[in-house]
Amino acid sequence: QLQLVESGGGLVQPGGSLRLSCAASGFTLDTYTTGWFRQAPGKEREGVSCISSSGRTTKIADSVKGRLTISKDNAKNTLFLQMNSLKPEDTAIYYCAATRGLSIGTLCPPAVAYDHWGQGTQVTVSS
C-alpha cells in the first residue's frame, strides 16, 4: 500500500522553526516528484515547494522564499520541509504529495497532478 505520513508539526512562536518530515512507504521517492502544500482555515490549498525525483531541482513559492527549504533523503525515503522565521500567516495544515512521471518545469506541478497525499500535519504559529 502506497502511503505518505507527515510528522513534525506543532505550536511554535513567531520567529521559531519547525522541521516537517514525510515518510513514504510502498514506493520509493527517487522516482517521484514530491511537494509540500498547505491549507489555512477558509483558504484554498496552496503549493509551497516541490523537488524533483533526484533532488537536484527545487522550486519554492515566493511567499515563503528564504524561510522554508525543501529537501529529501532518498536513502531514507523521506521528504523534509525546514521552516525558519515562522510567521502567524504560516499557520495551516501542511501536506506532502507525490507524483510519478511528471517533471518540474518553470513552476511546481499543480495539486491535481499529484497521485498520492499524506494526511497532513498542523502547524500553528502563535505567541
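**Close-up views of aromatic rings and their neighbours**

**View 1. Arg19 sits over the face of Phe80.** In this predicted model, the distance from Arg19 to the ring centre of Phe80 is 3.9 Å.

**View 2. Arg45 sits over the face of Tyr95.** Here the distance to the ring centre is 4.1 Å. Keep Tyr95 in mind for the last view, as this residue belongs to an aromatic cluster.

**View 3. Phe37 and Trp117 make a tilted aromatic pair.** The count of aromatic pairs comes to five. For Phe37 and Trp117, the ring centres lie 4.9 Å apart and the planes meet at 50 degrees; tilted pairs are those that are neither under 30 degrees nor over 60, so this pair is tilted. The two partners come from distant parts of the chain, 80 residues apart: Phe37 belongs to strand S4 (residues 32-39), and Trp117 to strand S10 (residues 116-117). Are these rings buried or exposed? Phe37 has a relative accessibility of 5% and so counts as buried, whereas Trp117, at 28%, is partly exposed.

**View 4. Tyr114 and Trp117 meet edge-to-face.** Trp117 appears again, now with Tyr114 as its partner. Their centres are 6.0 Å apart, with 65 degrees between the planes. Tyr114 is buried, as its relative accessible area is 5%.

**View 5. Four residues come together in one aromatic cluster.** Which residues form the cluster? They are Phe37, Tyr95, Tyr114 and Trp117. You have met each of them above: Tyr95 under Arg45, Phe37 paired with Trp117, and Tyr114 paired with Trp117.

Conventions:
Residues numbered from 1 in each chain as written. Predicted model: local features only at pLDDT ≥ 70, side-chain atom pairs only at ≥ 80, totals over all residues. Heavy atoms only, no water. Phe/Tyr/Trp six-rings, centres within 6.5 Å; stacked < 30°, edge-to-face > 60°. Helix = DSSP H or I, 4+ residues; strand = E, 2+ residues; numbered from the N terminus. Buried < 20%, exposed > 50% of the residue type's maximum accessible area, 1.4 Å probe, protein only. Lys NZ or Arg CZ within 6 Å of the ring centre and 35° of its normal.
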